[in-house]
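Biologist: I should like a close look at a single part of this model, namely the largest pocket and the strands around it. Please describe its lining, and then follow the strands outward into the sheet and the core.

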Amino acid sequence: MKTKKILAALLASMMVCGAFTACSDESEDSSSESESSAEESSAEEETTEVHIAVTDDTSDFEEAVGAESGDAYLAIVDGQWWIQYWGNIDDEGSMLAYDAGVATITGDGDYTVSVTADTNGFRYDTTGDANGEYTPSGCSFAAVMVNDGTTLYPDMAIEITSIRIDGNEIDMTAKNYTASDDGVEMRANIYNSWVSDENIPEDAHDASGVLTDTTGYSAQIIDPSAFNDGWTTVEVDFTVTGTGA
């Protein structure tokens, strides 16, 4: 009988120890889960803080302007082929899209297109600091372009009447013509060194129609050295005819 009581006591003692061990394991698991949850919560808070910081850093940027179908814009590239604008806001090299002056062609009349480097967005894209300083210089290409102009207004003619750099009008050394390189857009070259005066395209025309005599017309109507001392804002005035409206 005494032996049975001793065995029963030993068995009870083993069960109690097992219970304490199980409770200890559950407590550790609960503690680990609590620590893991706290770490995840902290990570989420840190991510949110970083996101807010990035948003605040660019909140004072000007609107980036893209040209839609029927819009005219000033396509321009600096002397290093770095600073550019091609009527869009997505491609690399669109630092001049901020506050770009785009004109919607609604019919015959006078219009103005422009670009400016005097924006927080431009300064940030070129220097990494909205308060930084960078001045474009030189000119590798410039033209007035109309998105879908050939499709919308096949008889459109663009006559450039004035070109200004930082408010100062520069001389035009030849007359521009209107043509389309791709059968979709319409353009009037201001400075295009890839087109010689002896190789003016067959569809080149002005307000009077297709050019039969190209004397005095050129794809390079300015001296690009006018841009060499640096520029901030470029504006181009032009007259549109032949739209039928």
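Modeller: The model is a predicted one. By class, eight of the residues lining the largest pocket are nonpolar, three are polar and three are charged. This lining comprises 14 residues in total, and those nearest the centre of the pocket are Glu159, Ile160, Lys175, Asn176 and Asp206. The volume of the pocket is about 210 Å³.

Two strands, E6 (157-165) and E11 (233-241), each provide at least two of the lining residues. The greatest contribution is that of E6, which supplies four residues. These strands are also direct partners, since E6 and E11 are joined by eight bridges in the antiparallel sense. Within this pairing, glutamate 159 has threonine 239 of E11 as its bridge partner. Glu159 is therefore both a bridged residue of the pair and one of the residues nearest the pocket centre.

The pair belongs to an open sheet of four strands, arranged in the order E4-E11-E6-E7 with antiparallel pairing. E4 and E7 are the edge strands; each has a single partner, so one side of each lacks a neighbour in the sheet. On the E4 side, residues 109-116 run antiparallel to E11 and are connected to E11 by eight bridges. Two of the facing positions may be named: tyrosine 111 lies opposite phenylalanine 238, and valine 113 lies opposite valine 236. On the other side of the sheet order, E6 leads to E7 (168-169) through a loop that contains aspartate 166. Aspartate 166 is not a glycine, yet its phi is positive, at about 50°. Most residues other than glycine have a negative phi. With a relative accessibility of 38%, aspartate 166 is classed as partly exposed.

A similar backbone feature occurs at aspartate 148, whose phi is positive and near 60°. Aspartate 148 sits in the loop between strand E5 (141-146) and helix H3 (149-152), and its relative accessibility of 27% makes it partly exposed.

The strands of the pocket also take part in the largest nonpolar core. That core has 48 residues, and the members touching the most others are Ile76, Leu96, Ile105, Ile160, Ile190, Phe227 and Phe238. Two or more residues come from each of E1 (71-77), E4, E5, E6, E8 (186-192) and E11. A separate core of eight residues includes Tyr177, Ala204, Leu211 and Tyr217. Ile160 thus appears in two settings, among the residues nearest the centre of the pocket and among the most connected members of the largest core. Phe238, the residue opposite tyrosine 111, is likewise among those most connected members. For leucine 96, the contacts beyond four places in sequence are Ile76, Ile83, Gln84, Tyr85, Val115, Thr116, Ala117, Phe122 and Trp231.

Returning to the surroundings of the pocket residues, one may consider glycine 216, which is placed in the loop between strand E10 (209-210) and E11. Beyond four places in sequence, glycine 216 touches Ala174 and Lys175, and Lys175 is one of the residues nearest the pocket centre. The C-alpha atom of glycine 216 is separated by 8.7 Å from that of asparagine 176, although the two residues are 40 apart along the chain. Asn176 is likewise listed among the residues nearest the pocket centre. Glycine 216 itself is partly exposed, with a relative accessible area of 41%.

Terms used
Residues are numbered from 1 along each chain as its sequence is written. This is a predicted model: local features need pLDDT of at least 70, side-chain atom pairs count only at pLDDT 80 or more; totals for chains, interfaces and linings use all residues. Side-chain values use heavy atoms; hydrogens and water are left out. On a 1 Å grid over the protein atoms alone, a cavity is a set of points where a 1.4 Å probe fits but cannot get out, and a pocket is an open set with protein on both sides within 12 Å along at least five of seven lines; lining residues have an atom within 4 Å of a point. Grid points are joined across faces, edges and corners, and a volume is the space filled by probe spheres set on the points. Ala, Val, Leu, Ile, Met, Phe, Trp, Tyr, Cys and Pro count as nonpolar, Asp, Glu, Lys and Arg as charged, and the others, Gly among them, as polar. Buried means under 20% relative accessible area, exposed over 50%, partly exposed in between (1.4 Å probe, protein chains only). Two strands pair if DSSP finds at least two bridges between them. A nonpolar core is a set of buried Ala, Val, Leu, Ile, Met, Phe, Trp, Tyr and Cys residues joined through side-chain atoms within 4.5 Å. Contact means heavy atoms within 4.5 Å.
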